[in-house]
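Hi,

Here's the structure I promised to pass on. Have a look first, and then read on for what turned up.

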Amino acid sequence: MATCPTKIRQNVVIENDDPTTGYQVRCLVTEKYRLTIYPGTSEGELFDLENDKDELYNLWYLDSYSKLKTILLIELLNSYSQNTPYYPVPPWNS
């Protein structure tokens, strides 16, 4: 019987900067959701990975998901910030 792998993080942040198109994509993947933003636009994607494994139904534009979207956006910002080279703020910049 295979053992369940140990959980080492709560989410994964993916960034993709394409210099040929100028697109910058930031994505947060949790066990249950995938949230993708396109900085500088109001466009995005939100998928419920438990109920929509093929990511066919984008929940980003549904008002009923606005609170969840805000929670995940904050999680994306916090996770992204914590994994930058200068987190926490270095003493010379505080």
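In what order do the elements of the chain run from the N terminus on? The answer is β-β-β-β-α, so to speak a short list: 4 strands and 1 helix. Do keep in mind that this is a predicted model.

Some overall numbers to start with. The chain has 94 residues, and 26% of them are buried. About 7400 Å² is exposed, with carbon and sulfur atoms supplying 55% of that area. If you take the contacts between residues at least 6 apart in sequence, 22% of them join residues at least 24 apart.

Next, the core. The largest nonpolar core is made of 9 residues: L28, Y33, L35, L46, L59, W60, L68, L72 and L76. Both β3 and α1 (66–82) put at least two residues into this core, and α1 gives the most, with 3 residues. L76 is a good one to click on: beyond its neighbours within four places in sequence, L76 is in contact with V13, R26, C27, L28, L35 and I37.

Then there's T36, which sits in strand β3 (residues 33–37). Is T36 buried or exposed? Its relative accessibility is 3%, and because the cut-off for buried is under 20%, T36 counts as buried. The T36 side chain makes a polar contact of 2.4 Å with the side chain of R34. Setting aside neighbours within four places in sequence, the residues in contact with T36 are V25, R26, C27, G44, E45 and W60. W60 also belongs to the core listed above.

The residue I'd most like you to look at is D52, in the loop between β4 (44–48) and α1. D52 is buried but has no salt bridge. Which side chain of opposite charge is nearest to D52? That would be R34, and R34 is 8.4 Å away. What D52 does have is a polar side-chain atom 2.9 Å from the backbone nitrogen of L56. Once neighbours within four places in sequence are left out, D52 is in contact with F47 and Y57.

R34 therefore comes up twice, so here are both mentions together: its side chain has the polar contact with T36, and R34 is the nearest side chain of opposite charge to D52.

Over to you!

Cheers

Technical notes: Residues numbered from 1 in each chain as written. Predicted model: local features only at pLDDT ≥ 70, side-chain atom pairs only at ≥ 80, totals over all residues. Heavy atoms only, no water. Buried < 20%, exposed > 50% of the residue type's maximum accessible area, 1.4 Å probe, protein only. Polar contact = N/O pair within 3.5 Å; in protein donor to acceptor, adjacent residues only side chain to side chain. Contact = heavy atoms within 4.5 Å. Core = buried A, V, L, I, M, F, W, Y, C linked by side-chain atoms within 4.5 Å. Lys, Arg positive; Asp, Glu negative; His and termini not counted. Salt bridge = Lys/Arg side-chain N within 4 Å of Asp/Glu carboxyl O. Areas by Shrake-Rupley, 256 points an atom, 1.4 Å probe, with all protein chains shown as cover.
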